[in-house]
Amino acid sequence: MLGLPSIPAFCLRPRDLRRGAVLTMAFLAAVGTGAYTGCWDREERAAVAAVPAGAPTAEGPRETGTADREAVARAVAEAVAEGKSGKKAAQEVVSRSGDRWGTVYDQGEYAAFAEDLDGHWTGVGVWAGRAPDGMIKVDKVQPGSPAARAGLRAGDRLLSVDGHAVTGLAVPDVVALLRGDAGTPVVLNLSRDGADLTETVRREQLKTEPVTVRQRPDGVTVIKVASFTRGSGDRVKAAVKAAPPGEGVVLDLRGNPGGLVTEAVTTASAFLDGGLVATYDVRGDQRVLYAAEGGDTSRPLVALVDGGTMSAAELVAGALQDRGRAVAVGSRTFGKGSVQMPTELPDGSVAELTVGTYRTPAGRSLDGGGITPDVPAGERVEERAVTVLGGLGVGP
């Protein structure tokens, strides 16, 4: 989102970072669209972040470089000593390194997005991404938001924010312009169908419903998880418990850009009775994520996935698929499975650099390749899922 986290929000503020190294797994919103952040509350509290440096292709996993932390820190120190931008210097080093998931945030960005972990943020309510021509385009407008009331539409091109031209800017920089206190106005200059428009909107405290549940007439429960913000895992667990006995569940992860890894593990735990969810490494040091015991292991389950299923959402889908707990239906997922570690730089900015990858229980690395569904489906995906559930012994 613009005004929602189109760039990473971290679970830890800079003061927390100084307490020691904090592992992070970046998750991605395709072509710069809005993404959510999150943390592992395990040995190291890990954050989930999103900054695309280019979408992975369908050829399979690709190696990514990583910038040397000391080289980045030196570049920042030298830039600050010369009165230059430390963040810009760090970005240049990261860009040259070939670390396609690495990125740099200033203190304001780092702190401002921490609030997004609860699914709340201050903004105008539009999801946006970068168009092929470099312009910022509106992908989606949140219903009931200031942007919706002002008449903004998907497909609009954003030209400037409070007089600052945004064409060619990085999405994080555009988000920084749109951030501000609730109640303050922001002037948006847009282009629609060749005509320029100017709208003044007021920022508001906004929120999303990360988990929605509905009951189909055939008895199947559809649980849509839009993102893994705080509390979403428990909501999934509650929805599973409330589902009619013996009926199947469709876990819809389509378009889910990821989020809190703890919430992803809790979601997987709703359908598992302990056991492995994923492994990850930090410079070769292997770590493990386990499901909690006591999940529903008998209810038939289908997981819906598509190209917008990313990062922590892929972790859930991959775990359920590998463990034989769910049939994956839809299209191949995005393929984001690298691990980042944030480092505080001399000027207080934060650099996130790739240090490893995570793998599914079967040992698959999803970075670049994603998850291939068991049952490919294009149109009428939910109906296909219900048919699959029927083959598992439930549904019409």
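This passage describes the overall make-up of a predicted model and then its sheet, a helix pair and several single residues. Local features need pLDDT of at least 70 and side-chain atom pairs count only at pLDDT 80 or more, while totals for chains, interfaces and linings use all residues. Residues are numbered from 1 along each chain as its sequence is written, and side-chain values use heavy atoms, with hydrogens and water left out.

The protein holds 10 helices and 22 strands, taken as DSSP runs numbered from the N terminus (helices: H or I, at least four residues; strands: E, at least two). Of its 396 residues, 56% count as buried; buried means under 20% relative accessible area, exposed over 50%, and partly exposed in between, with a 1.4 Å probe and protein chains only. Among contacts with a separation of 6 or more, 71% link residues 24 or more positions apart, a contact being heavy atoms within 4.5 Å.

A good place to start is the open sheet, whose six strands follow the order 13-14-15-18-19-22 with mixed pairing; two strands pair if DSSP finds at least two bridges between them. Strand 13 (211-215) and strand 22 (375-376) stand at the edges with a single partner strand each, so one side of each has no neighbour in the sheet. Strand 22 runs parallel to strand 19 (residues 327-330), and two bridges join them. Within this pair, Gly330 stands opposite Pro376 of strand 22. Helix 10 (residues 381-391) packs on the sheet and touches strand 13, strand 14 (221-225), strand 15 (249-252), strand 18 (301-305), strand 19 and strand 22. The direction of helix 10 makes about 155 degrees with that of strand 18; axes are lines fitted to C-alpha atoms, for helices over the stretch in contact, and angles run from 0 to 180 degrees between N-to-C directions.

Further into the same topic, strand 14 and strand 15 run parallel and are joined by four bridges. Lys224 has Asp252 in strand 15 as its bridge partner. In a regular strand the side chains alternate between the two faces of the sheet. In strand 15, Val249 and Leu251 point one way while Val250 and Asp252 point the other way, and all are buried.

Turning to helix packing, the axes of helix 8 (residues 261-269) and helix 9 (residues 312-322) come within 9 Å and cross at roughly 25 degrees. The two helices, 8 and 9, are therefore roughly parallel to each other, a label for angles under 35 degrees (over 145 is roughly antiparallel, 65 to 115 roughly perpendicular and the rest oblique). Val261, Ala264, Thr267 and Ala268 of helix 8 meet Ala312, Leu315, Val316 and Leu320 of helix 9. By class, this contact has seven nonpolar, one polar and no charged residues; Ala, Val, Leu, Ile, Met, Phe, Trp, Tyr, Cys and Pro count as nonpolar, Asp, Glu, Lys and Arg as charged, and the others, Gly among them, as polar.

Two residues that are not glycines deserve a mention for their backbone. Asp193 has a positive phi of about 55 degrees and lies in the loop between strand 10 (185-192) and strand 11 (195-202). Asp193 is exposed, with a relative accessible area of 77%. Ser311 has a positive phi of about 50 degrees and is found in the loop between strand 18 and helix 9, yet Ser311 counts as buried at 0% relative accessibility.

Finally, Leu158 is found in strand 8 (residues 157-161) and counts as buried at 3% relative accessibility. The C-alpha atoms of Leu158 and Leu190 are separated by 4.5 Å, although these residues are 32 residues apart along the chain.
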